[in-house]
Amino acid sequence: MYEELALFELAIWLGLSAWIANATPVLGGGGTPIDRGHVFRDGRRLLGDGKTIRGFIVGIFFGTITGAGQMLAAPFLQPLLAEYVIVTPEMEYVLFMQLPVAFLMSLGALVGDLVGSFIKRRVNVKSGDPSPVMDQLGFIIMALIFAFPLMQPEPIFVAILIITTFFIHWISNVIGYLAGLKKHPW
Ligand code: CTP
Ligand code: MG
């Protein structure tokens, strides 16, 4: 039981920088779109107005800052974790998050988000309209791929993270909608 709880907490820890990177553009985005209004050969926008340069930078900035905080916090959290579970090397590997990993996770999250928008525009989904599964999971999968050269967590953490992300992302969008930050609850 405690073992499972620790795995769950560490999976969240693993995804934190990517989550923050994915969630903060809505707070600081706006201004020039990354595609600068360009249309693709199908006549539709490359990415759309929902993907801005400022949002991209804001996301990477806060995601990386999160990683810095995690790096500072890890030595203090380690003994707390050790109080209720035997901390395995695999757990410590995830707990001691390194800054370059957080940066790559943030960059990957934002790039994954752009890839998602590119695909959405190609299949004629309007900016802000939902694309189930890809909206929820594209960013976290790309974040893990980007970080992979520097970090290869145990598959159990990746699996828990992906499943949890699906639900958290959905809940956070509902909250963003209720708070008036997003046009739709998805
Ligand atoms: N945002 C931004 N820059 C980014 C990503 C997001 O400015 N690189 C901001 C935009 O204001 C966007 C909001 O965050 O509307 C929500 O992000 P998201 O849901 O990813 O974009 P959508 O508006 O849904 O557009 P798309 O359909 O292309 O995903
Ligand atoms: Mg959206």
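This text walks through a predicted model, from its largest pocket to its surface, its salt bridges and its backbone.

Start with the open space. Rolling a probe the size of a water molecule over the atoms shows where empty space is left. The largest pocket has a volume of about 1200 Å³. Its lining is made of 44 residues. Look for five of them when you want to find the centre: Asn22, Val26, Lys51, Asn173 and Lys182 lie nearest to that point.

Which elements give two or more residues to this lining? They are α1 (2-23), α2 (25-28), α3 (53-82), α5 (99-122), α6 (134-147) and α7 (155-178). The largest share comes from α5, which gives eight residues. The lining is also mixed in chemistry. It holds 17 nonpolar residues, 18 polar ones and nine charged ones.

Now turn to the surface. Seven residues form a nonpolar patch there: Val133, Ile163, Phe166, Phe167, Trp170, Ile171 and Ile175. The patch covers about 700 Å². Take Phe167 as an example. This residue is found in helix α7. Its relative accessible area is 48%, so Phe167 counts as partly exposed. The cut-off for exposed is over 50%.

Val133 belongs to the patch too, and this residue deserves a second look. Val133 lies in the loop between α5 and α6. Its relative accessibility is 46%, so Val133 is partly exposed. Its backbone also stands out. Val133 has a positive phi of about 75°, although this residue is not a glycine.

Where else does the backbone take a positive phi without a glycine? Go to Arg36, where phi is about 50°. Arg36 sits in the loop between α2 and α3. Here the relative accessibility is 59%, so Arg36 counts as exposed.

Next come the charged pairs. How many salt bridges does the structure hold? There are seven. Three of them are worth visiting in turn.

Begin with Arg44 and Asp42. These two residues form a salt bridge, and their closest N and O atoms are 3.8 Å apart. The cut-off for a salt bridge is 4 Å, so a pair at 3.8 Å still counts. Arg44 is partly exposed, at 27% relative accessibility. Asp42 is partly exposed as well, with a relative accessible area of 31%.

Move on to Asp49 and Arg45. Their closest N and O atoms are 2.9 Å apart, and the pair forms a salt bridge. Is Asp49 buried or exposed? Asp49 is exposed, because its relative accessible area is 51%. Arg45 is partly exposed, at 21%.

The third pair is Lys120 and Asp135. Their side chains meet in a salt bridge, with 3.2 Å from N to O. This pair links distant parts of the chain. Lys120 is in helix α5, Asp135 is in helix α6, and 15 residues separate them. How covered are the two partners? Lys120 has a relative accessible area of 8%, so this lysine is buried. Asp135 has 22%, so this aspartate is partly exposed. Some bridges also share partners. Through such sharing, Asp35, Arg45 and Asp49 join into one network.

Finally, see how the chain brings separated residues together. Ala143 is placed in helix α6. Its relative accessibility is 0%, so Ala143 counts as buried. Now find Gly108. Along the sequence, Ala143 and Gly108 are 35 residues apart. In space, their C-alpha atoms are 4.0 Å apart.

Then try Ile162, which is found in helix α7. Its relative accessible area is 23%, so Ile162 is partly exposed. The residue to pair with it is Ile141. The two are 21 residues apart in sequence. Their C-alpha atoms are 7.7 Å apart in space.

To go over the route again, return to α5. This helix gives eight residues to the lining of the largest pocket. It also holds Lys120, the salt-bridge partner of Asp135 in α6. Then return to α7. This helix is among the elements that line the pocket, and it holds Phe167 and Ile162.

Key
Residues are numbered from 1 along each chain as its sequence is written. Chains are lettered from A and ligands numbered from 1 in the order in which they are written. This is a predicted model: local features need pLDDT of at least 70, side-chain atom pairs count only at pLDDT 80 or more; totals for chains, interfaces and linings use all residues. Side-chain values use heavy atoms; hydrogens and water are left out. On a 1 Å grid over the protein atoms alone, a cavity is a set of points where a 1.4 Å probe fits but cannot get out, and a pocket is an open set with protein on both sides within 12 Å along at least five of seven lines; lining residues have an atom within 4 Å of a point. Grid points are joined across faces, edges and corners, and a volume is the space filled by probe spheres set on the points. Helices (H or I, at least four residues) and strands (E, at least two) are DSSP runs, numbered from the N terminus. Ala, Val, Leu, Ile, Met, Phe, Trp, Tyr, Cys and Pro count as nonpolar, Asp, Glu, Lys and Arg as charged, and the others, Gly among them, as polar. Patches are made of residues with over 30% relative accessible area and no salt bridge: like charges are joined within 9 Å, nonpolar side chains (Val, Leu, Ile, Met, Phe, Trp, Tyr) within 5 Å. Accessible areas come from the Shrake-Rupley method with a 1.4 Å probe; for residues, only the protein chains shown count as cover. Buried means under 20% relative accessible area, exposed over 50%, partly exposed in between (1.4 Å probe, protein chains only).
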